[in-house]
Amino acid sequence: MDLTYSEADRAFRAEVRDWLEEHLGGEFAGLRGLGGAGRDHEALDERRAWNRHLAAHGWTCVGWPEEHGGRGLSLDQQVIFHEEYARADAPARVNHLGEELLGPTLIAFGTPEQQARFLPPIRAVEELWCQGYSEPGAGSDLANVQTRARRDGDAWVVDGQKVWTSNAHFSDWIFVLARTEPGSQRHHGLSFLLVPLDQEGVDVRPIEQLTGGSEFNEVFFDGARTDADLVVGEPGAGWGVAMGLLGFERGVSVLGQMVGFRRELDALVALARENGAIEDPVLRDRLAGAKVGLEVMRLNALRGLSAVTGGDDSSAGGGAASIAKLVWARWHQRLGELAMDVLGPAGLLARPDGTAYDLTEWQRLYLFSRADTIYGGSDEVQRNILAERVLGLPREPKGAR
Ligand SMILES: Cc1cc2nc3c(=O)[nH]c(=O)nc-3n(C[C@H](O)[C@H](O)[C@H](O)COP(=O)(O)OP(=O)(O)OC[C@H]3O[C@@H](n4cnc5c(N)ncnc54)[C@H](O)[C@@H]3O)c2cc1C
């Protein structure tokens, strides 16, 4: 197993680093660090402009094949790009759902017409997307989707409700998992539809979160319409498309995420030095433990990458993705708890210089990281996957919950 980067990869890293250093100046200089988890409301328009600037220089969709407008980067170089992006503290991107989830799904399952219609505006950050999977009765149990769609002439007509839909309040389109065969059960009879949000039949209602922001929404469909040919894959076979999309989730951005975590940890250590918390042996021990945990996660992610690029995907059968999710989500929550303890009573105070009530970045980290063990497959669901599919333990009895 080789965990080092090649000469060409190191040169590529330098190219990305230099480009970001140069371009995150001028009009974009103030954007560093903005828009992270729990802070999606920050500088949205400016971040969109920054994303378009990235696109104009070919730095969006870097992993897409060149024939679809991407850079066709190798897996290693995609990871390097995400690492350098995080290292530069560049602002959170606004179209990761289009770029990392829907785009690869259309490339894998879409028709040439769908690819020609939708991939260029995703790449150019002209059309933003959100993900309409979860419903009030269908989260972990996604096959319980109840949103319905029926054909009416040359259109699909959609009725139902989605919930926890991140970014719907500023997106242009939503990809929807809907039941298109009346009376069908579970994962049968579902279709994967592309639906424009800006229409009368769609009502997007932001949900206020623990952080005070509204990163996600309820989305109501009441006779919403979309063209008949905007179904990805065969009608009724949407489950396979929906699962294919989830396979693209996270992937190469994991090592970039580790760089972001490291920045948070470094900032926390600096804070502990500044406010004297570092003198507390228990806090010092926990900070050191966080450092160890982060290094283990990073090396494990590198090991996974090295195995995949070396053609060995045996770790996938060992539940690597579930283990990684369980470990990073809990690590990040503990970091938020540690931040509150490092701050002590000051952690209870809102931003001191603001005239309005506003949370500090540490409070946002602490509160938003509660969601880490829920989205992208909750902890309990990950443990079920490991128990049933990896360890071969008896399946959970039906209705056990
Ligand atoms: C910040 C955030 C952003 C999100 N963004 C989106 C988005 O953009 N689009 C989208 O479609 N969805 C989104 N979601 C929704 C997310 O996918 C769901 O919250 C998740 O799938 C869990 O579903 P649920 O909330 O309905 O909880 P439920 O599935 O009802 O689960 C409730 C609790 O029961 C546990 N549980 C459930 N089933 C089992 C079981 N079989 N065994 C043991 N325990 C179980 C769960 O672990 C959880 O603790 C987002 C969620 C969050 C927190």
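Helix α10 covers residues 320-343, 24 residues in total. From its first C-alpha to its last it reaches 34 Å, close to the 34 Å expected at 1.5 Å a residue. Just past α10, G344 adopts a positive phi of about 65°. This is a predicted model. The points below cover the ligand site, the nonpolar core, two residues of helix α11, loop backbone angles and one buried valine.

**Ligand site**

- The ligand is surrounded by 19 residues. The closest are S134, S140, W164, S378 and E380.
- By class, this shell holds 7 nonpolar, 8 polar and 4 charged residues.
- S140 contributes a polar side-chain atom, 2.6 Å from an oxygen atom of the ligand.
- S134 uses its backbone instead: an N or O atom there sits 2.7 Å from an oxygen atom of the ligand.
- W164 also approaches through a backbone N or O atom, which lies 2.9 Å from a nitrogen atom of the ligand.
- On its own, the ligand has 970 Å² of accessible area, and the protein covers 74% of that.

**Nonpolar core**

- The largest nonpolar core has 25 residues.
- Those with the most contacts inside it are L102, W129, Y133, F175, F192 and L194.
- Both helices and strands feed this core: α4 (96-109), α5 (112-123), β4 (173-179), β5 (190-196) and α6 (238-247) each supply at least two residues.
- Helix α4 gives the largest share, 4 residues.

**Helix α11: Q363 and R364**

- Q363 belongs to helix α11, which spans residues 361-368.
- With a relative accessible area of 6%, Q363 is under the 20% cut-off, so Q363 counts as buried.
- Which backbone oxygen lies 2.7 Å from a polar atom of the Q363 side chain? That of G347 does, and the backbone oxygen of L349 is likewise 2.7 Å from a polar atom of this side chain.
- R364 is found in α11 as well. Its relative accessible area is 6%, so R364 is buried too.
- The R364 side chain reaches the backbone oxygen of T211 at 3.2 Å.

**Positive phi in loops**

- A43 is not a glycine, yet its phi is positive, about 45°.
- A43 sits in the loop between α1 (7-23) and α2 (44-56).
- D89 is another residue other than glycine with a positive phi, near 60°.
- D89 is placed in the loop between α3 and α4.
- Is D89 buried, partly exposed or exposed? Its relative accessible area is 25%, so D89 is partly exposed.

**V79**

- V79 lies in helix α3, residues 75-87.
- V79 has 2% relative accessibility and therefore counts as buried.
- V79 and G289 are 210 residues apart in sequence. In space, their C-alpha atoms are 26 Å apart.

How values were computed: Residues numbered from 1 in each chain as written. Predicted model: local features only at pLDDT ≥ 70, side-chain atom pairs only at ≥ 80, totals over all residues. Heavy atoms only, no water. Near = heavy atom within 4 Å. Polar contact = N/O pair within 3.5 Å; in protein donor to acceptor, adjacent residues only side chain to side chain. Areas by Shrake-Rupley, 256 points an atom, 1.4 Å probe, with all protein chains shown as cover. Nonpolar A, V, L, I, M, F, W, Y, C, P; charged D, E, K, R; others polar. Expected span 1.5 Å × (residues − 1). Core = buried A, V, L, I, M, F, W, Y, C linked by side-chain atoms within 4.5 Å. Buried < 20%, exposed > 50% of the residue type's maximum accessible area, 1.4 Å probe, protein only.
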